[in-house]
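Q: Could you take a close look at one part of this protein for me, the place where its two domains meet, and then lead me from there to a few other spots worth examining? I am in my first year, so please go slowly.

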Amino acid sequence: MSVLLFNPRSNLYKPRIPNSILQVAASIDGIYEWIIVDGNLEVDPAQKIEQLIAEKNIKYCGFTVMPGPQLKQAIPISIDLKKKFPRLKMIWGGYFATNQHKTVLQSGVIDFVIDGMGDKAFPALINHLENGTDLNDVPNLIYLKNGEIIKNRKDGIYDLDTLQPLPYTKLNDLYPMKKYLGKTYLGTKTIAYHSSFGCPFTCGFCAVVPIYNARWKGKSAQLVYDDIMLLCKNYGGNAIEFHDNNFFVSEKRTVEFAQLIKNENMVWWGEGRIDTIDKYSDESLTIIREAGCKMIFFGAETGNDEVLKMMDKGGTQTGAQIKKFAARMKAFDIVPEYSFVLGAPAPTEKQVWKQIYEDIEFIKTVKQINPDVEIIIYVYSPVPSEGSEMFEKVKASGFKFPATLEEWISPQWENFDLRKNPLTPWLTADMVDYIRNFETVLNGYYPTVSDYKLKNWQRSALKLTSNIRYNKKLYSKPYEIKALQKLFKYRQPEKEGF
Ligand code: B12
Ligand code: SF4
């Protein structure tokens, strides 16, 4: 009996180590036979999966599913497989599967959803299906019984140092690891590594919260270092993208890791919070920069303290702190990548516009303080964080998620997932256009440093073309900037990462 694990296509160009599915494979490695199909590296994954089902005794298919483009393969392939092989058990995990489990299970196509970490749940579920052990003993499991949603006990985050190591060697036999260590802004061979789960905060717009409930646990610095050195030794590597939701929660762990990696000539990047890292000492920031930390992604969200409160951003983050911190980072030569979420709900249309105008002015002030701050703009797309002030407002506005899997792959919902067109009742098309047009002008006036293919003359041409628009607030219809961006194949990091 074999288990097939599928990573639906998420990237057009740059495949990353498929950590989600690889960690699930680790959980059954040595117990059951498994094979991975990586949609990022297959021309026709549906055909490959069917061929494998025909050749091997595959009884279980596990898909990892995050919102956005992965749905384009995950949904039709699952529907088709269930039609052709009705006895095949379909198991979905990942952020989309968990947060939209009702729709997923009610489709009649997916048999089980794993809610959060799959490391204990997956082997226990297969054991149940193979050997008839008690289904109630499978943690983090959601399924349908007589039309009713059943949720088994939810485990906390496991001690990551005790989990099975990722089976890189077996992955390498299926897909050469060198294909995953691509060129990015950080280096020529970039390793994607995930060193912690969850996050201690409860931001009302964040998909991590309903799954990990303000819990966070990290692998020890030593183990992270050892894993990375092993990858470098076996496959090469000169840069690391940390894919943690919040890599920098523990200053102690970050500094320990920095001390270990500092002589290895690695460049690295991760995601953190402004208020957390603002508490780091100057000495810690100096050490992490010397150890190769070149850029950090921060959820700045908005400069508006009221909205930060409604978002339940938590901690001590304020508009004033966001600006102060941008200035502080200059001294350490670490590029802060600030992500903003524009278009939060407000009681009146006038107020929604006011928030948008103020956020745009705030972003421009941040750029004035430290022009090296990279700006990422998202339009607020709700996640079902039941009970949060923000989601209550969203529901009150009449917003509803799609009720079927088919609807999720309609073009407008795909854009929703990419946080480009949020379909929220309080945002008019004019508002979304205004935000997008400002983003185009901003990216013209300050092209991202992470697009390493962009030549200096192209940067200058973009800046010159955008100068009047940026400074005179003439954001409407920036066709000439868009044309240049298209011509130069300008690459925005929020779409596919670096
Ligand atoms: C790497 C990554 C990407 C990569 C692609 C990854 C790939 N598969 O090839 C790129 C950069 C392309 C990407 C893009 C996007 N991403 Co993304 N991405 C991530 C990131 C940083 C890491 C995922 C990962 O490898 N995790 C490591 C593994 C080990 O953890 P895990 O996935 O949670 O897996 C465990 C469990 O969930 C479970 N599990 C997961 N899958 C399965 C499957 C089975 C069968 C089982 C049993 C269990 C199981 O078991 C695993 C082990 O315990 C996550 C954040 C995060 N830290 O997870 C965001 C994240 C998943 N992405 C997110 C989003 C929104 C996107 C985008 C859609 C939007 C955007 N503009 O950023 C885009 C576009 C999507 C696209 N192009 O497909 C959100 C999802 C939020 C939500 N609303 O649900 C996240 C959570 C980031 C965030 N905090 O907002 N992403
Ligand atoms: S700090 Fe970041 S990862 Fe944590 S809850 Fe807030 S948005 Fe989510």
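A: What follows begins with the domains and their contact, and then turns to a ligand site and three loop residues. Please keep in mind throughout that this is a predicted model.

The protein is divided into domain 1, which covers residues 2-151, and domain 2, which covers residues 181-381. If the centre of each domain is taken over its C-alpha atoms, the two centres are 30 Å from each other. The contact between them draws on ten residues from domain 1 and ten residues from domain 2. On the side of domain 1 that touches domain 2, the element that gives the most is helix H4, residues 95-99, with three residues. Sorted by class, the residues on that side of domain 1 are three nonpolar, four polar and three charged.

A second place to look is ligand 2, which has around it Cys199, Phe201, Thr202, Cys203, Cys206, Val208, Val209, Asn245, Asn246, Arg273 and Gly299. By class, this shell holds six nonpolar residues, four polar residues and one charged residue.

From here we can turn to the loops, beginning with two asparagines. Asn140 sits in the loop that runs between helix H6 (121-131) and strand E6 (141-145), and its phi is near 55°, a positive value in a residue other than glycine. Asn140 counts as buried because 24 C-beta neighbours lie inside 10 Å, where 20 or more are needed. Asn213 belongs to the loop between helix H8 (209-212) and strand E10 (216-218), and its phi, near 45°, is likewise a positive value in a residue other than glycine. The surroundings of Asn213 contain 14 C-beta neighbours inside 10 Å, so Asn213 counts as partly exposed.

The last residue in this tour is Ser476, which is found in the loop between helix H20 (456-472) and helix H21 (479-487). Ser476 has 12 other C-beta atoms within 10 Å and is therefore exposed, since a residue with 12 or fewer is placed in that class. When you follow the chain in the viewer, compare Ser476 with Tyr434: the two are 42 residues apart in sequence, while in space they are 7.0 Å apart, C-alpha to C-alpha.

Conventions
Residues numbered from 1 in each chain as written. Chains lettered and ligands numbered in written order. Predicted model: local features only at pLDDT ≥ 70, side-chain atom pairs only at ≥ 80, totals over all residues. Near = placed C-beta within 6 Å. Nonpolar A, V, L, I, M, F, W, Y, C, P; charged D, E, K, R; others polar. Domains from an automatic or database assignment. Contact = placed C-beta atoms within 7 Å. Helix = DSSP H or I, 4+ residues; strand = E, 2+ residues; numbered from the N terminus.
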